[in-house]
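Student: I have a sequence and a model in front of me and do not know how to read them. Can we go through the features one at a time?

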Amino acid sequence: MTDSSSIVLTSHPLQRVGAFALLIVSGVDDASRTPETLTGEEIDVAVAAMTADLVSTAGLVDSRARGGFWLAASYMLWPNSAMNDSQRARRSVAERTERITGWRAYPQEPINPCVPCWLCGRPACGWYGKVDIPLGASIEHRNHTGPGHQGTPLCRACLVCLHAAPYGSLLARGRAVTLHSWDDEWLAATVRRQALRTRAAATARETEAPVHWQDHAVAELLATSRAPSSQLEVMVWSNSNRDQALVVHQLDESLARWWHGLTPERRQQLTDLLGPQTVINEVLFGGQRTVLRRITEQLHRQVDDPAVMDWPTVRALSSVGLEVGQAIP
Ligand SMILES: [Zn+2]
């Protein structure tokens, strides 16, 4: 049974990632708990923590200053928001603080007349646009809402989840990298690790070390006790006005299970045959055909050049081809 203030998981990947991130941001961090079990008080703790993170940037000269993690990320996540608008430099710290807290003061009551939340269908508490809904509008619409439109209706709980989604994402190199799967248990474990890292990076006043999205995704796949039972999606995105982007990479469930199930030695052996690592990680996202093509290319290189050809390598490559063909239906 859910009331209108509780968290529900919807069909929006970023809302779902945000919902799981709230378990960490609220300080609950209990693997037996799901986002739906968060109490009103725990959600309030998470809201206060997120607002405090943003308010902590009010005294900074700019995003390059020490402690600028969330201010730097805000240009990518929440362009033209209360924390980074074009007049920021002229405002006092008190004004900046007031604007940020005003932005993040979530309406408690549904709007009248009642309108259903775009994500969960419960009564919405307001109308929202790109500043609060990442990628919620095409690049042509920028931060504006079309004439005659008031925005997208959201309830408080879903809005809080969207604001929490960056905690469950790797924020580096001007992009957010968000891993998602419809396997809730897998997603919970992955988002937990990421949210702890994001908070640590923000606290350490550093940005996370830049990594390629495919290396990050495969490392996360291997860091979890099992592969997800549904496709792994990697959203590489930016809500920035100057560089709005969204690319969704997908790792097939059976390929993920195969790669996850190999011993570290076997994975290293295959990487030596097919490598380099980043290429292999990306090849996995290309699906079975791409993996087989990579094996064929490496085989061709071997047999095409007598100076390079090495029979044990040829045998190993052909056995990997068979293995992939058998492992993936
Ligand atoms: Zn909702």
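Tutor: Start with the division of the chain: domain 1 covers residues 13-250 and domain 2 covers 254-327. Keep in mind that this is a predicted model.

Student: How many residues does each domain bring to the contact between them?

Tutor: Domain 1 brings 12 residues and domain 2 brings nine residues. On the side of domain 1 that touches domain 2, helix H7 (213-223) and strand E6 (245-251) each supply at least two residues. H7 gives the most to that side, with five residues. Sorted by class, that side of domain 1 has six nonpolar, four polar and two charged residues. The centres of the two domains, taken over C-alpha atoms, are separated by 37 Å.

Student: What does the whole chain look like in terms of secondary structure and span?

Tutor: There are 12 helices and six strands in the chain. Its C-alpha trace spans about 75 × 45 × 40 Å along the principal axes. The chain has 329 residues, and 36% of them count as buried.

Student: How do I read the order of strands in a sheet, and what is the order here?

Tutor: To read a sheet, list the strands from one edge to the other and note which ones are paired. Here an open sheet of four strands has the order E3-E4-E5-E6, and the pairing is antiparallel. E3 and E6 are at the edges with a single partner strand each, so one side of each has no neighbour in the sheet. From one strand to the next, the twist averages 15 degrees.

Student: How many bridges join the paired strands, starting with E3 and E4?

Tutor: Three bridges join E3 (residues 170-172) to E4. Within this pair, Ala172 has Arg175 of E4 as its bridge partner. E3 and E4 also form a hairpin with two residues between them, and Arg173 in the turn has a positive phi of about 60 degrees. Next, E4 pairs with E5 (residues 232-238) over five bridges, again in the antiparallel sense. His180 has Glu233 of E5 as its bridge partner. Last, E5 and E6 run antiparallel and are joined by seven bridges. There, His249 of E6 is the bridge partner of Val234.

Student: Is strand E4 enclosed or open to the outside?

Tutor: The general idea first: side chains in a regular strand alternate between the two faces of the sheet. For that reason, look at each face separately. In E4, Arg175, Val177 and Leu179 are on one side, Ala176, Thr178 and His180 are on the other, and all of these are buried. Both faces of E4 are therefore covered. With six of the six residues of E4 (residues 175-180) buried, the strand is largely enclosed by the rest of the structure.

Student: What lies across E4, and at what angle?

Tutor: Helix H1 lies across E4 and E5, running at about 85 degrees to E4. H1 (residues 13-25) has 13 residues and reaches 18 Å from its first C-alpha to its last, close to the 18 Å expected at 1.5 Å a residue.

Student: How much of H1 is buried, and what covers it?

Tutor: Count the buried residues, then see which elements are in contact with them. In H1, 12 of the 13 residues are buried, which leaves the helix mostly covered. Among them are Leu14, Arg16, Phe20 and Val25. The cover on the buried residues of H1 includes helix H2 (40-55), helix H5 (156-164), E4 and helix H6 (184-203).

Student: What follows H1 along the chain?

Tutor: Just after H1, Gly27 takes a positive phi of about 85 degrees. Arg33 is in the loop between H1 and H2.

Student: Why does Arg33 count as partly exposed?

Tutor: A residue needs 20 or more C-beta neighbours within 10 Å to be buried, and 12 or fewer to be exposed. Arg33 has 14 C-beta neighbours inside 10 Å, so Arg33 counts as partly exposed. Apart from neighbours within four places in sequence, Arg33 is in contact with Leu23 and Val28.

Student: How much of the contact in the chain is between residues far apart in sequence?

Tutor: Of the contacts with a separation of 6 or more, 67% are between residues 24 or more positions apart.

Note on methods
Residues numbered from 1 in each chain as written. Predicted model: local features only at pLDDT ≥ 70, side-chain atom pairs only at ≥ 80, totals over all residues. Pairing = 2+ DSSP bridges. Domains from an automatic or database assignment. Contact = placed C-beta atoms within 7 Å. Nonpolar A, V, L, I, M, F, W, Y, C, P; charged D, E, K, R; others polar. Expected span 1.5 Å × (residues − 1). Axes fitted to C-alpha atoms, helices over the stretch in contact; angles between N-to-C directions.
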